[in-house]
Amino acid sequence: MGILLTRATVLTGKQNDKVLTNGAVAIDNDKIIDVGDSDILESKYQNFDKHVLTNRLIIPGLINNHTHTVLNVLRGAIENAGSADRVYGYMVPISFVMTDEDRKALAAVGCLEAIKSGTTTLVDPLRFVNSYAETMANTGLRLYLAESAADAVTTEIRTSGYRYDKSWGDAFLERTLQLIDNHHATKNNRVQCMVAAHATDICSPWLLRELNDIAHSKGLRRTIHLAQSSQEVTQVKSMAEGKTPVEYLLENDWLGRDVLAAHCSYCTTSDIGLLSETATSMAHCPASSARRGYHGLANMPGLVDLGVNVTLGTDNMSEDMFEAMRVGLILNRGMREDTGVPTPKDIFNWATINPAYSLEREDLGNIDKNMKADISIVRLDRAHLSPIIDTLSSLVHYGQASDVESVIVDGEWVMKEGKVLTMDEEEVITQAQNATIRAWSALKKQWGDIIIPEEFDQFLS
Ligand SMILES: [Zn+2]
């Protein structure tokens with residue numbers, strides 16, 4: 001039986017630029033088949049399962065274009081680490097000592113948070129993804145998963161710098177192929193795989209070539225962290241005859257319409273020109289980046305103005321796209337010293353239409369006929385959202401993740417009236433805490449010099 005969502009406010013239009021009051025959305029299987037006035041749709045679809053949504057807003061499901069759910073294992077612990085190396089000092093080491101069970105538990109809690117905050121699609125590259133991809137797939141989310149490959153021995157960088165080792169890279173290539181074989185185009189195509197190079201400083205030309213071969217032979221999209229830190233820029237300069245990370249990717253055929261590059265924080269104006277010319281999309285992770293203090297985000301206005309397709313992600317330690325939208329709006333206005341740009345519609349499209357474009361998904365990102373039924377339903381009867389004058393403006397400036405009441409992905413209810421249907425919420429939260437204690441205990445045992453937060457140390461073995 002089809003689903004009819006009715007008597008709601010509906011955000012629709014190709015550019016998410018129309019607000020229908022007393023609107024309705026008809027869903028059949030995994031598709032939206034009609035959008036319009038409630039009276040008309042109620043008479044047209046009388047046998048559909050009807051849901052009356054007074055004081056509710058129907059929006060396209062949010063697309064988190066860059067995240068690492070498993071790294072929630074570090075949540076609250078390393079945001080205040082000052083000049084400490086968060087990537088090679090914590091994220092990489094802990095991702096290697098976690099067991100498959102630990103990874104599954106953290107991936108599950110990340111997916112739970114994503115669903116509860118109105119996200120319907122995650123782009124999630126990390127390590128050992130094959131071990132927890134099924135757990136993520138079973139949450140009902142739409143997924144783009146990738147094994148984030150490197151051939152620099154990343155666990156050594158923190159103590160002894162960069163050493164490139166083919167066997168290290170081969171293990172990643174093997175895991176990349178395993179992930180693709182097991183999960184690409186599964187669950188009614190809801191789960192897709194990408195090919196990922198972790199970052200420019202830790203991928204040699206050999207590895208980039210091998211990854212390209214896989215992407216081309218399997219017809220997959222590509223993703224990478226790009227110009228994320230000054231350390232990365234310095235390392236690429238020394239190994240690639242003074243090139244910037246973007247120039248290094250251009251030389252190694254790693255820019256293009258099929259490439260999604262995260263951060264781009266240290267791009268020069270000429271680098272941004274190359275991203276624009278090659279139609280490479282970028283994932284901006286404002287909340288995560290801003291927690292690190294100065295991070296070269298001065299390039300954001302340039303990226304937008306030179307026509308790069310800008311998308312939003314949460315990156316580390318959060319799956320909350322409402323936070324990403326709000327921090328993104330505030331940060332980017334600050335950088336421009338312009339109180340009106342970006343607009344709420346710009347920011348909302350960075351979380352919907354633009355990521356859909358980056359993934360070449362014409363069927364995602366807005367509420368319209370023939371689009372995939374990936375939908376979030378948001379309560380508007382909230383003190384912090386009242387009164388409503390400009391719905392999208394209120395949603396971006398003041399909306400909270402907890403305003404999300406229901407989520408539909410691929411035509412299936414994933415959360416209904418506040419209850420996530422694909423997971424036992426309490427159990428997922430308990431397991432994530434237990435797994436985090438195990439993972440940090442393993443980290444402490446393997447690398448005794450890594451600083452552990454004092455409050456947490458008492459729980460570790
Ligand atoms: Zn990242």
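**Exercise 1. Handedness and geometry of a helix pair**

Determine the handedness with which helix 3 and helix 17 cross in this predicted model, and classify their relative orientation.

*Solution.*

Step 1. Helix 3 and helix 17 form a left-handed crossing.

Step 2. Helix 3 covers residues 100-116 and helix 17 covers residues 425-446; the two pack at an angle of about 135°, and their axes are 8 Å apart. Helix 3 is therefore oblique to helix 17, given that an angle must be over 145 degrees to count as roughly antiparallel.

**Exercise 2. Composition of the helix contact**

Identify the residues through which helix 3 meets helix 17, and sort the contact by residue class.

*Solution.*

Step 1. On the side of helix 3, the participants are Glu101, Asp102, Ala105, Leu106, Ala108, Val109 and Leu112. They meet Glu425, Val428, Ile429, Gln431, Ala432, Ala435, Arg438 and Ala439 of helix 17.

Step 2. Sorted by class, this contact of helix 3 with helix 17 comprises ten nonpolar residues, four charged residues and one polar residue.

**Exercise 3. The contact between the domains**

State how many residues of domain 1 and domain 2 are in contact, and describe the side contributed by domain 1.

*Solution.*

Step 1. The domain assignment places 3-60 + 367-419 in domain 1 and 62-358 in domain 2. Their C-alpha centres are 30 Å apart.

Step 2. Contact involves 22 residues of domain 1 and 24 residues of domain 2.

Step 3. On the domain 1 side, two or more residues each come from strand 15 (375-379), helix 16 (391-398), strand 16 (404-409) and strand 17 (412-416). Helix 16 contributes the most, with four residues.

Step 4. By class, the domain 1 side that touches domain 2 holds ten nonpolar, seven polar and five charged residues.

Terms used: Residues are numbered from 1 along each chain as its sequence is written. This is a predicted model: local features need pLDDT of at least 70, side-chain atom pairs count only at pLDDT 80 or more; totals for chains, interfaces and linings use all residues. Axes are lines fitted to C-alpha atoms, for helices over the stretch in contact, and angles run from 0 to 180 degrees between N-to-C directions. Angles under 35 degrees count as roughly parallel, over 145 as roughly antiparallel, 65 to 115 as roughly perpendicular and the rest as oblique. A crossing is left-handed if the near helix is turned anticlockwise from the far one by less than a right angle, and right-handed if clockwise. Two residues are in contact if their C-beta atoms, placed from the backbone, lie within 7 Å. Ala, Val, Leu, Ile, Met, Phe, Trp, Tyr, Cys and Pro count as nonpolar, Asp, Glu, Lys and Arg as charged, and the others, Gly among them, as polar. Domain bounds come from an automatic or database domain assignment.
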